[in-house]
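User: I am new to this structure and would like to understand how its chains are arranged. Please guide me through it by question and answer.

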2 protein chains.
Amino acid sequence: MTSDRRIRFNGFKCSTVAHTTAGLWRHPNSQSHRYKELSFWTDLAKTLERGKFDSLFVADALGVLDVYRGSPDQTLREGLQTPTDDPLLAVSAMAAVTQHLGFGITVASLYELPYLFARKMTTLDHLTDGRIGWNIVTSALDSAARNLGRDDQIPHDERYAVTDEFMEVVYKLWEGSWEDGAVVHDRAAGIYADPAKVHAIGHKGRHYSVPGIFLCEPSRQRTPVLYQAGTSAAGRAFAGRHAEGVFISGQRPDIVRRLVDGVRSEAKAAGRDPRSVKFFAIMTVVTAPSDAEAQAKFQEYKSYSSIEGNLARLSGITQVDISQLDLDQPLEYSDTPGIQGILANFTKADPTRRWTPREIADFMSVSSFGPVVVGSPTAVADRLEQWVEEADIEGFNLVDVMPPASFGDFVDLVVPELQRRGRMWRDYEGNTLRESLYSAGQERIRDDHPAAQYRRR
Amino acid sequence: MTSDRRIRFNGFKCSTVAHTTAGLWRHPNSQSHRYKELSFWTDLAKTLERGKFDSLFVADALGVLDVYRGSPDQTLREGLQTPTDDPLLAVSAMAAVTQHLGFGITVASLYELPYLFARKMTTLDHLTDGRIGWNIVTSALDSAARNLGRDDQIPHDERYAVTDEFMEVVYKLWEGSWEDGAVVHDRAAGIYADPAKVHAIGHKGRHYSVPGIFLCEPSRQRTPVLYQAGTSAAGRAFAGRHAEGVFISGQRPDIVRRLVDGVRSEAKAAGRDPRSVKFFAIMTVVTAPSDAEAQAKFQEYKSYSSIEGNLARLSGITQVDISQLDLDQPLEYSDTPGIQGILANFTKADPTRRWTPREIADFMSVSSFGPVVVGSPTAVADRLEQWVEEADIEGFNLVDVMPPASFGDFVDLVVPELQRRGRMWRDYEGNTLRESLYSAGQERIRDDHPAAQYRRR
């Protein structure tokens, strides 16, 4: 299948009870509280591989949502992003029960030492045999920073400069320290690695000092597949420089299209092929054999939604305590950046409408801030095809709105329909995650990516 | 079986090519270069569980051995502790193929943020359902510190003070933040966790500031089983305060006995039952159906040893470039602490003998600095029984001298002999690692351990 026709899917998860929506864990079929159990993750991985998904993408939440009523009480009651487990540690178990599924894992670089972080990613690329990706996060909530010894949160734009240097260090370790052919494994000569082909990286920068050789021999992909999700101006520029895959969020395809075009321009300005950056829009799908059944399922899911949980989440995102506002008065334009951001998000979708906090919380009930498609497999496939064309994207990050039924429904019902239409592959065509992103044979980072300049020849 | 009769075994590994011995990877049957592959670890875990081992203990090496000839060249040629992968990341895969085996993983606390480190351990305790242990390491080689942004290595004794505060923070997170019963998971009432039972730890110390609540709900063991391996005076006191299991190294049981007695005294001084600290001596076993076959196997293994590799390792440990010395002149007492330490180790075993560097490297060939037992299953069992009595220890850390044959031989030959003698259990009697260490029912840390004071009632 030519890759320009193919729609790609990633499963979107977080190792917590309630990720993007509040209250749905109360549904009798929800298994989201089993995020702590190994079999929850291995079963999930098997389902996604059965559906020929490119990858499982796991978000992370280092901070507790504690703005609503000035405490974490409501988010604890809701299991809303707290408690949360470390997303890297279940990967090897999922790799053991799959052959092709990739794993895009979120790690905040600010709280990592590049010398050890590079080893973590290479270890996972070894253990998965080339199926690891990294969702680069540059920030964290204030509540996280306080507990991580950074109550002086680095200003937003400065964070990208620190992260740029972090990227430089890890590129040097992954691409530049061990040449191809450095590992000889010659039993007769007694040479495991040829020291002439292993190089100290000699990095001494403003934020990081890493003089030595990389601790790990190269893995199949060397640099993991690089994802990014920021959509601020600084975030778009960063994605244009570094991201191979971009996770994007918008209520309508034309809104997403503007973000996509912006990042592609930045990639071009950075000397990269703008089509080499692949875009995945967040999407919630509720499907059933017929449209009527799907609508009934959607309404049933929605009936478990928690308005107060969504207000707590909204407060965490905006950093404004929504409990202090009148829930039934339309939100006014405000100097508060968080409120501006939310209003911009909603007015982009419909400039004429004014939203109250309660209406926003209700809107969030099943799909958070993103779009939701409800319908039979043919209706869903029609809508996804339309999205891909209009937004100029390569695929979707599918929200696991009701684990395990929502991924199961999609794999059983929508995937066969997309395969019939020639819009999904019937099987993986490469072995590594990067080959799923590009095409079979492209295991290593592309030559026009900045990481490639650190290769030795 | 009464636990005082039982001899316990841990498999001792490092995620590298050559761990404690140099050159043996060249043996045609050695699979040690497969440390990068998932199936290497899952097969290993299954072998240890078949042999009813308590746990797999994984060491770590963050620094490159670069003292010998002033470069890492020889250690790279030998695959000697470099390259090395992250030991935490294969655990979930091994947990997925076992039911009872524990995992004692080495992590250097100096390079971890306690808020995130506590989450890693709790995540693994969740995914393994109570089978995780942590080998607390307070130091790293100079070569590691330079790459981790700490070229000002903290002085040895000060390191234990920093680590004591680190322990206080993680105890508060593991034991004190979430009460028992905090997780309600009441779908009808819409309460996942009861905020009245989740507490901010409010830690503000000299080295760490962690005001908030723990990100994770409690795991089965809460605090992972705590191991330690230091044998300096400060290290013994630290082990007496914190360790539930101590890894110990000595060439003869009477030498080990002195170390054991020292740590037990420290434990008693810290208000703990001195018998609640369990000791595991490093041990290499080469076995075969008959003594003659075992001796032949030992000589064959030895023939693959690399003298120069062992000198490079010795240089890394002593921080003295042994290549500058006459290899055939006995080592003299020296002001260099590293040389003093090595001499002390060897003269303890035989005060009359003077050792040359070449003799030391030869001694290290199969068993590193520890003891080696070579013989038939009955001879090995006799010797291990004698060791346990004389050294007053609970068991052994068994070196994986020739993967996968050495653990396989031990499990197939020696374990049944020890079981016949009533010195090894025929099956696990609890579910968690701590129950293996103590007895069924003891999932949580003991009441006389300092972590217990942070519990809320």
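User: How many residues does each chain give to the contact between chain A and chain B?

Analyst: In this predicted model, contact is counted where heavy atoms lie within 4.5 Å. On that basis, the number from chain A is 68 residues, and from chain B 68 residues.

User: What area is buried between chain A and chain B, and which three residues supply more of the part of chain A than any other three?

Analyst: The buried area is about 6100 Å², with 63% of it from carbon and sulfur atoms. Of the area that chain A buries against chain B, 13% is supplied by a trio that exceeds any other three residues: Leu89(A), Asn147(A) and Arg187(A).

User: Which residue of chain A comes closest to the rotation axis?

Analyst: Chain A is superposed on chain B by a rotation of 180° with 0.0 Å of shift along its axis, at an RMSD of 0.0 Å. The two copies are therefore related as by a two-fold rotation axis. At 1.9 Å (C-alpha), the residue of chain A closest to this axis is Ala93(A).

User: Which residue of chain B meets the side chain of Arg119(A) in a salt bridge?

Analyst: Between chain A and chain B the count is four salt bridges. In one of them, at 2.8 Å from N to O, the side chain of Arg119(A) meets that of Asp60(B).

User: At what angle do the axes of helix 10 and helix 11 of chain B cross?

Analyst: Helix 10 covers residues 307-318 and helix 11 residues 337-349 of chain B. Their contact involves residues including Leu314(B) of helix 10 and Ile339(B) of helix 11. The two axes come within 8 Å, and their crossing angle is roughly 115°.

Methods
Residues are numbered from 1 along each chain as its sequence is written. Chains are lettered from A and ligands numbered from 1 in the order in which they are written. This is a predicted model: local features need pLDDT of at least 70, side-chain atom pairs count only at pLDDT 80 or more; totals for chains, interfaces and linings use all residues. Side-chain values use heavy atoms; hydrogens and water are left out. Copies are superposed by least squares on the C-alpha atoms of residues with pLDDT of at least 70 in both. Axes are lines fitted to C-alpha atoms, for helices over the stretch in contact, and angles run from 0 to 180 degrees between N-to-C directions. Helices (H or I, at least four residues) and strands (E, at least two) are DSSP runs, numbered from the N terminus. Buried area is the accessible area (1.4 Å probe) that two parts lose on being put together, summed over both.
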